[in-house]
Amino acid sequence: MTRVCALSDLDDGKPLAVEVDDVAVVLVRQGDEVHALRDECSHSAVELSEGEVSRKGIECWLHGSCFDLRTGRPSALPATDPIDVYAVTVESGEVHVDITTVLNT
Ligand code: FES
């Protein structure tokens, strides 16, 4: 697990791009829950952290595929492949991500 930020650094529903061991990761906070996904759309490798978060997930800004925050699966074309979802823990107000633990494989 790598400490990436404080929970208070994350605004609800606003993506934050971080790097964990040279891997681009996007964090999304929903209440006290934090999701960590690979910050790269599976369609054309743009940063998902530039997109918007909705109830459906995080939407790619380029062509509009929306990825579920828990499963990493796109709910709409053109993306068809899921993106990696990483293990996150929040302890004492600190957010930790483990990119070696991919939850959706
Ligand atoms: S680059 Fe993300 S949907 Fe096309």
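Which residue's side chain does Asp32 meet in a salt bridge? Let me answer that straight away, with the reminder that what we have on the screen is a predicted model: the partner is Arg29, and the N to O distance between the two side chains is 3.7 Å. The two residues sit in rather unlike surroundings, because Asp32, at 63% relative accessibility, counts as exposed, while Arg29 is buried, with a relative accessible area of 17%.

Let me now step back to the sheet and come back to the charges afterwards. The model has an open sheet of six strands, in the order E1-E9-E8-E4-E3-E2, and the pairing is antiparallel. The edges are formed by strand E1, residues 2–6, and by E2, each of which pairs on one side only. From one strand to the next, the twist averages 35°.

Starting from the E2 edge, strand E2, residues 16–20, runs antiparallel to strand E3, residues 23–30, and five bridges join them. Within that pairing, Val18 stands opposite Val25 in E3. E2 and E3 form a hairpin with two residues between them, and if you look at the turn you will find Asp21, which has a positive phi of about 50°.

Moving along to another pairing, strand E4, residues 33–38, is joined to strand E8, residues 85–91, by two bridges, again with the strands running antiparallel. Here Leu37 is the residue to look for, since it stands opposite Val85 in E8.

Now back to the charged side chains. In general, side chains of opposite charge can pair when their charged atoms come close. This structure holds four salt bridges, and besides the one I opened with I would like to show you two others.

One of them is between the side chains of Glu94 and Arg3, at 2.3 Å, N to O. Glu94 lies in strand E9, residues 94–102, and Arg3 lies in strand E1, so the pair ties together parts that are 91 residues apart in sequence. Glu94 counts as partly exposed at 25% relative accessibility, and Arg3, at 45%, also counts as partly exposed.

The other is between the side chains of Arg38 and Glu40, with an N to O distance of 3.9 Å, which comes within the 4 Å cut-off for calling a salt bridge. Arg38 is partly exposed at 29% relative accessibility, and Glu40 is likewise partly exposed, with a relative accessible area of 33%.

Conventions. Residues are numbered from 1 along each chain as its sequence is written. This is a predicted model: local features need pLDDT of at least 70, side-chain atom pairs count only at pLDDT 80 or more; totals for chains, interfaces and linings use all residues. Side-chain values use heavy atoms; hydrogens and water are left out. Two strands pair if DSSP finds at least two bridges between them. Helices (H or I, at least four residues) and strands (E, at least two) are DSSP runs, numbered from the N terminus. Axes are lines fitted to C-alpha atoms, for helices over the stretch in contact, and angles run from 0 to 180 degrees between N-to-C directions. Buried means under 20% relative accessible area, exposed over 50%, partly exposed in between (1.4 Å probe, protein chains only).
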